Every structure is written in structure tokens, then in C-alpha cells.
Amino acid sequence: MQDHRTDRKPAHVTETELQVQRQAMAEVRALEDRPRTFCIVTYGCQMNAHDSETLAGMFREMGMSEAPDRESADFVLFNTCCVRDNAERKALGNVTWLKEVRKRNPALRIGVCGCMIQEPGMAERILKQYSFVDLAFGTANLYRMPELFLRMLQTGSRVVEVADENTIAEDLPVQRLRRDAAYITIMYGCNNFCSYCIVPYVRGRERSREMDDILREAEGLMRDGVKEIMLLGQNVNSYGLGLEGGASFPALLRRLDAMGVERLRFMTSHPKDLSDDLIDAMAGSKHILPQFHLPVQSGSDEVLRAMNRRYTRAEYLGRVRALRGAIPDIGLTTDIIVGHPGETEAQFLDTLSLVEEVGYDSAFTFIYSPRVGTRAAAMPGQIAPEVATERIQRLIAVQERRQRERLRRFIGMEESVLAEGLSRRSDAAVSGKGGHGISITFPGSAEDVGEIVRVRVTGVKNNTLTGERV
Ligand code: SAH
Ligand code: SF4
Ligand code: F3S
């Protein structure tokens with residue numbers, strides 16, 4: 001499965017192939033008897049969320065509109081995640097539940113796409129066990145959805161197609177979820193093969209988009225009035241692999257910063273590729289927000305080695321110091337896994353002490369979940385679920401306390417907040433993220449949503465910040 005020729009220029013989907021898709025979209029639109037509404041149910045990370053925006057854009061081109069909910073849609077598409085077992089079970093459970101809805105609405109058609117479909121043997125499994133799924137395709141051939149959808153409608157039979165190609169498709173239509181903020185995928189796939197992770201298997205090898213294509217997309221978004229752009233990739237730091245002309249992540253950031261995108265963010269970064277040049281680019285910028293998501297996974301050198309993370313605890317802490325030295329008060333967040341095969345109590349305590357030492361502003365904590373085909377799944381020393389559960393509870397307790405302590409440093413500071421929506425607790429309050437990436441709730445109304453508001457932080461509540469308008 002592993003292709004080592006990763007320094008080649010990434011292949012693009014040909015113009016002829018894209019033309020076939022545009023033609024298919026037009027043909028669907030011209031069909032008298034076709035689904036009128038769609039609903040996309042998305043699981044997993046931002047990469048999937050953005051893929052769903054592309055799928056929605058293609059449905060719109062096919063003359064379909066978004067249904068208010070999945071019960072009333074003519075076509076329901078599940079965009080799945082398989083990074084942990086519970087993500088996969090949730091997706092499959094919901095697909096099966098829809099089978100019941102179809103008993104009441106026989107015209108309903110069901111599709112499944114996303115990372116789960118790229119798992120070995122999944123196409124056969126869908127064909128055999130999920131006979132009510134009408135359409136299935138993976139992440140590698142997402143751009144072919146219109147053609148497959150048309151075939152499903154024309155033949156009236158099931159269409160299941162999984163591909164293994166590592167290509168880039170440019171210029172697909174996108175229907176954004178938000179007006180004020182947008183995603184741009186800058187690179188696809190991952191070459192890191194962390195022991196536990198299925199992403200490199202289901203998302204293919206790393207491939208970076210041409211810098212000009214990204215800049216063109218950003219220009220378009222700015223013309224549309226987008227205030228915040230989030231750059232996406234499994235490992236944005238290694239952007240540029242295989243590209244010519246000095247394309248690198250820091251170079252890309254500098255170009256976008258010079259264009260004047262109001263707020264720039266990115267995720268995810270791998271600690272081993274976090275260069276001084278990137279820190280310089282951030283520190284010297286006007287628009288890159290002072291926040292960094294830097295997954296550590298474990299605080300133990302032995303576990304990091306078993307995970308194939310290719311950095312040590314000391315190296316990681318060195319990167320944190322460098323970030324904080326150059327960008328004071330930077331918002332720092334992380335991902336942590338407990339219960340990797342072989343993890344001893346002493347090694348887990350190293351993770352606890354690292355969390356204590358760093359003082360993250362927020363952390364996503366996970367119990368290790370074995371994924372078929374990954375190296376860790378075959379390792380000796382699998383940890384009992386009760387042990388892992390007990391460890392994650394201790395970890396969460398330390399992290400929450402540290403988070404409360406650390407967030408207090410923002411009290412009295414002024415932040416520019418991009419208001420995302422009304423607060424869940426009150427109609428007279430809105431919440432959104434400040435520049436440091438932390439949610440802030442402050443007095444406001446629906447009129448503020450989508451606007452950038454100056455707020456002074458006044459307190460810490462439920463592990464987020466509260467503030468007042470300046
Ligand atoms: N490319 C990103 C995100 C990968 S998935 C990165 O490298 O950080 C997001 C997170 O899910 C990972 O950071 C990891 O903490 C977690 N994760 C991945 N595989 C997992 C598994 N098998 N079990 C538990 N957590 C996992
Ligand atoms: Fe998975 Fe590691 Fe790649 Fe992140 S860097 S997607 S954790 S293999
Ligand atoms: Fe899940 Fe695929 Fe993202 S497995 S976390 S949706 S890359």
C-alpha cells in the first residue's frame with residue numbers, strides 16, 4: 001500500500017475527466033424524475049466537513065436543494081469517518097436506522113462516502129450487508145460523484161465504486177457552510193504512518209496543491225467577503241512536497257498574509273515538521289492568528305517511539321518554548337491518546353506530567369482504538385478497556401484544572417471575536433472564537449453573527465471565556 005515515491009509532482013485530475021463530471025451534473029439537472037432535495041450527514045474532521053461542502057456544491061449544480069432534515073430528503077448521503085471504532089459504529093448505526101425511514105418513504109435513496117469506504121474490503125461489505133445503500137464512493141474518487149449519481153438514477157441499480165488514486169481535483173463547486181469563514185484544503189493525504197492511525201490508508205499519500213491555485217481560491221473568498229480562512233491538511237507543515245519554486249508552508253502563509261486575508265488559521269501541524277521558519281512567518285505576520293494546534297499524543301519517549309511519532313518529549317517541549325518565545329500568550333491546544341499498546345502506568349504518568357508542564361488551553365483526549373491494518377493493532381500489550389478508561393479520567397481531571405488556571409491569563413485582555421452564533425445558554429449573548437482560538441461568550445444579538453467584535457475578557461466559565469463589548 002505504501003508508495004515511497006512521494007517527492008513526485010502530484011497528479012491532477014484531467015480537464016477531460018472534469019468535463020465528464022460537469023456534463024453529468026447538467027444531465028441530472030435535465031432529468032424529469034430525479035431527487036429534488038439532499039441531506040449530507042457528516043462525521044469526522046474538518047477535512048470531511050469541507051468535502052461535504054464540495055458535495056453540496058455539486059448537488060446544487062445538479063439542481064437539488066438542501067432538505068431541512070434527513071427524514072424529508074430525497075437523497076441522504078453519509079460522509080463517514082473511521083479514525084476510531086466509535087466514529088465508524090455511529091455512522092453505520094445511522095445508515096441502518098435510515099433503512100426504517102425508507103419503509104415509509106420508498107423513494108428515498110441512500111449514499112455512503114468518506115474515509116470508511118476506503119477501508120480494505122468495505123466495498124464488498126456494503127454490497128453484501130448493506131443492500132439498502134444505493135450509492136457508495138470513497139475519498140479518492142469524490143470528484144466523480146456526479147457521474148456515479150447519474151448512473152444510479154439512469155440504471156436504477158446500486159453503484160459502488162472505490163478507487164485508490166492519489167490525485168488532486170481543482171475547481172469543483174463548493175457550497176460553504178458559513179458566509180464569514182471558509183476552509184481551504186492545501187494538501188491531501190498523509191505520509192506519516194503513526195502506528196495507531198488509519199488516515200494514511202484511507203486518505204492516500206501526501207499531495208500538495210499548487211500555490212497559485214490556493215492563492216486564487218483565497219482571492220475569490222476575499223471577494224465574497226470571507227473574514228476568516230482556515231487552511232486544512234493532515235500535516236500542513238509538510239505542504240510543498242513535490243512542488244517546484246520554493247513552495248513551503250511558511251512561504252504560503254507569507255503570501256496569504258500579504259494578500260490581507262483578515263484572519264488566517266490552520267490545522268493540523270506535526271511537531272516533527274514545525275520549523276523555525278514557520279514560527280518566524282507567524283511572528284512577523286499581521287493576519288495569522290496567535291494559536292497553534294500541536295498534537296503531542298503522549299509524554300513518554302518510549303510510547304512516542306512505539307507510535308512512530310519521530311520526536312522526543314524534550315524536542316516537543318523545545319517547540320512549545322520556541323512558539324511561546326516568539327508569540328507570547330499563543331493559544332496552544334493538543335490531541336492525546338491513552339492506552340496505546342504497551343503503555344505502562346509509569347509511561348502514562350509521563351503524559352500527565354507533560355500536560356501539567358505545558359498547560360494547554362484545550363486538549364482532545366482519546367482512548368486508543370485499534371484499527372485493522374495499522375501497526376499498533378498487531379502489537380503485543382493491548383491495554384484493557386477499564387485501565388484505559390481510568391487513565392483518561394485522570395488525564396481529563398488534570399487537563400481541566402490546568403485549562404482553568406491557564407485561561408485566567410486572558411482576563412483583562414482585549415480580543416477580536418468572530419461571532420459564530422447565539423449562546424446556547426442565553427438569547428442575549430453570542431459566542432465565537434477570539435484570536436487565540438478560545439471561545440468567548442459576550443452580550444450581543446443575532447445581528448452580531450458573522451461580525452468581528454472587540455471584547456474585553458472578564459472571566460473564565462465552564463472552561464471557556466466570558467467578556468464584555470469594548
Ligand atoms: N493529522 C492530524 C489528525 C489526525 S486524527 C494529526 O496528525 O494530528 C485526529 C486525532 O485522532 C489524532 O491526533 C489522534 O490523537 C487521534 N487518533 C487517531 N487515530 C486514533 C486511534 N486509532 N485511536 C484513538 N485516537 C486516535
Ligand atoms: Fe494520522 Fe499521524 Fe498522519 Fe496525523 S500525522 S493523520 S496521526 S498518521
Ligand atoms: Fe476521520 Fe477521515 Fe478525518 S478518518 S478524522 S474523517 S481524515
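**Interdomain pocket, strand barrel and ligand 2 shell**

The second largest pocket holds about 810 Å³ of space. A pocket here is an open set of points on a 1 Å grid over the protein atoms alone, where a 1.4 Å probe fits, with protein on both sides within 12 Å along at least five of seven lines. This is a predicted model, in which local features need pLDDT of at least 70 and side-chain atom pairs count only at pLDDT 80 or more, while totals for chains, interfaces and linings use all residues. Residues are numbered from 1 along each chain as its sequence is written, and side-chain values use heavy atoms, without hydrogens and water.

**Pocket**
- Of its 37 lining residues (an atom within 4 Å of a point), H50, T54, L172, V174 and E217 are closest to the centre of the second largest pocket.
- Elements giving two or more residues to this lining are α2 (46-61), β8 (167-168), β9 (181-185), β10 (187-188) and α7 (211-223); helices (H or I, at least four residues) and strands (E, at least two) are DSSP runs.
- The lining has 15 nonpolar, 10 polar and 12 charged residues.
- The second largest pocket lies between domain 1 (15-161) and domain 2 (181-408), because both give residues to its lining.

**Barrel**
- In the order β17-β18-β19-β21-β20, 5 strands close into a barrel with mixed pairing; two strands pair if DSSP finds at least two bridges between them.
- Strands β20 (residues 452-461) and β21 (residues 464-469) run antiparallel and are joined by 6 bridges.
- V455 stands opposite R469 in β21.

**Ligand 2**
- Around ligand 2 are C190, N192, F193, C194, Y196, C197, V199, P200, Q234, H270 and R309, each with a heavy atom within 4 Å.
- This shell has 7 nonpolar, 3 polar and 1 charged residues.

Note on methods
Chains lettered and ligands numbered in written order. Points joined across faces, edges and corners; volume = space filled by probe spheres on them. Nonpolar A, V, L, I, M, F, W, Y, C, P; charged D, E, K, R; others polar. Domains from an automatic or database assignment.
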